[in-house]
Amino acid sequence: MSASGDLKKRPCPGIEDVQDSQTTKKRLNEDGKKRHIAALILARGGSKGIPLKNIKLLAGVPLLGWVVRAAIDSQVFDSVWVSTDHDEIEKVAKACGAQVHRRSPEVSKDSSSSLETIQEFTRLNPDVDIIGNIQATSPCLHPHHLQEALELMTQKGHDSVFSVVRRHHFRWQEVKKGGGASTEALNLDPSRRPRRQDWAGELVENGSFYFASRQLINKGLLQGGKMAYYEMLPEYSVDIDVDIDWPVAEQRVLRYGYFGTDKLEAIKLLLCKVSGGLTDGQVYLTTGGEEMVSINTRDTTGIVMLQREGVEVMLLCSSETPVSSSLAERLSKRTGCELLQDVGPGQVDELMRRKGLAWKEVAYLGNDEVDVDCLNLAGLSGVPRDAPVVALNATKYVCHSPAGHGAVREFAEHILLLIKKAKSKMEQDHIRRDLF
């Protein structure tokens with residue numbers, strides 16, 4: 001919840017007026033103007049571990065897209081920026097809704113520090129008063145993490161805030177190999193090893209974000225002045241710099257990541273393109289002139305999985321595609337899905353009116369420029385990995401599988417996982433100290 005929303009719920013008008021006034025003062029800069037709060041995500045193109053890691057797809061979304069989405073949806077930033085030196089990263093950042101700070105070669109070297117890049121950003125943007133340096137490698141970040149952390153600056157008067165996680169690790173003194181020296185415990189008494197439930201653990205930085213005032217950054221500090229930490233639960237403290245096993249990281253994100261403001265448990269209909277979705281777009285001709293297409297049993301199974309969960313699936317076929325009406329009708333009968341011919345956004349609107357549905361209740365699997373409007377409007381949208389760039393930029397999810405070779409199954413599993421996640425109503429990140 002934002003700070004302003006929290007204040008509006010206070011029952012006593014007199015107290016509210018005083019606290020509103022105090023909060024407003026804390027949001028003003030030295031000139032009496034509202035402080036400009038900017039999110040800055042550093043995404044250099046020269047990752048040594050994983051090439052172009054910052055835009056590598058993680059659970060169907062470019063890695064930096066996860067934190068850009070959380071920053072924008074938090075609604076606490078006056079601007080959201082990605083700082084990069086790479087053309088492809090710039091394109092992805094803009095497609096995700098961020099502005100781009102094109103960093104200079106001087107701060108794009110392997111030896112360049114994050115602080116140097118942030119200082120360049122502040123020099124080029126003199127109106128920015130507070131910088132939220134958000135790590136692109138923290139895909140399980142949620143909007144409320146940013147909202148609650150920023151309140152420590154805007155309402156509590158701290159100069160810098162950073163994220164931490166509680167760890168229960170016993171640490172030991174490092175000794176040189178072959179030296180013969182004995183190691184020593186650093187944070188425990190070996191004769192009295194505590195049980196986990198008897199030890200509060202230690203707070204360590206998890207690298208998700210660092211908020212600091214412009215004044216601190218100009219002094220060469222990201223942490224200083226009146227400091228505060230914001231504690232995140234371990235399940236949301238995913239750092240791809242460390243968790244380089246991408247499939248494992250994807251499972252964490254699918255379970256604990258932030259998927260936007262839509263309530264995906266309401267998805268009731270999937271609209272799936274036949275050519276370039278259910279099929280790979282190729283039409284085979286026999287010597288007798290008969291046309292054939294190929295479908296994957298994984299995709300038809302994915303359709304059945306959705307139907308079992310009460311999600312209706314409808315197939316879309318256009319006269320502009322190579323799949324003939326007769327072939328599309330045979331696919332419709334085989335899959336048990338109603339077939340719609342030559343359908344655009346206007347026809348989909350009419351279909352939804354007849355069914356009493358809203359766009360947020362519709363998932364759409366498209367594959368080309370003609371699908372862009374529907375991809376943008378749908379509550380959940382997807383495209384196969386071999387879709388053209390115009391479709392890739394418009395969608396919310398990019399399948400690892402190509403069209404006709406498992407893309408429908410993958411998108412179906414993604415829909416079902418998000419529905420299950422939404423229905424579970426997991427309590428997220430509201431830490432109660434009395435439970436530790």
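Which strands does helix α3 (residues 63-74) lie across? In this predicted model, helix α3 crosses three strands, namely β1 (36-42), β4 (79-84) and β6 (128-135). Relative to β4, the helix runs at about 160°. A further helix, α4 (residues 87-95), packs on the sheet and touches β4 and β5. The direction of α4 makes about 155° with that of β5.

The sheet itself is open and consists of seven strands, with mixed pairing. The strand order is β5-β4-β1-β6-β8-β7-β9. At its edges lie β5 (99-102) and β9 (227-232), each of which pairs on one side only. From one strand to the next, the twist averages 30°. In general, the strands of a sheet pair through backbone hydrogen bonds, in either parallel or antiparallel fashion. The pairing of β7 (residues 160-167) with the edge strand β9 is parallel and comprises six bridges. Within β9, E231 is the bridge partner of V164.

For the protein chain as a whole, 14 helices and 17 strands were assigned. The chain has 436 residues, of which 50% count as buried. The computed exposed surface of the protein chain is about 22100 Å², and carbon and sulfur atoms supply 49% of that area. Contacts were also considered by separation in sequence: among those between residues at least 6 apart, 67% join residues at least 24 apart.

Conventions: Residues numbered from 1 in each chain as written. Predicted model: local features only at pLDDT ≥ 70, side-chain atom pairs only at ≥ 80, totals over all residues. Heavy atoms only, no water. Pairing = 2+ DSSP bridges. Helix = DSSP H or I, 4+ residues; strand = E, 2+ residues; numbered from the N terminus. Axes fitted to C-alpha atoms, helices over the stretch in contact; angles between N-to-C directions. Contact = heavy atoms within 4.5 Å. Buried < 20%, exposed > 50% of the residue type's maximum accessible area, 1.4 Å probe, protein only. Areas by Shrake-Rupley, 256 points an atom, 1.4 Å probe, with all protein chains shown as cover.
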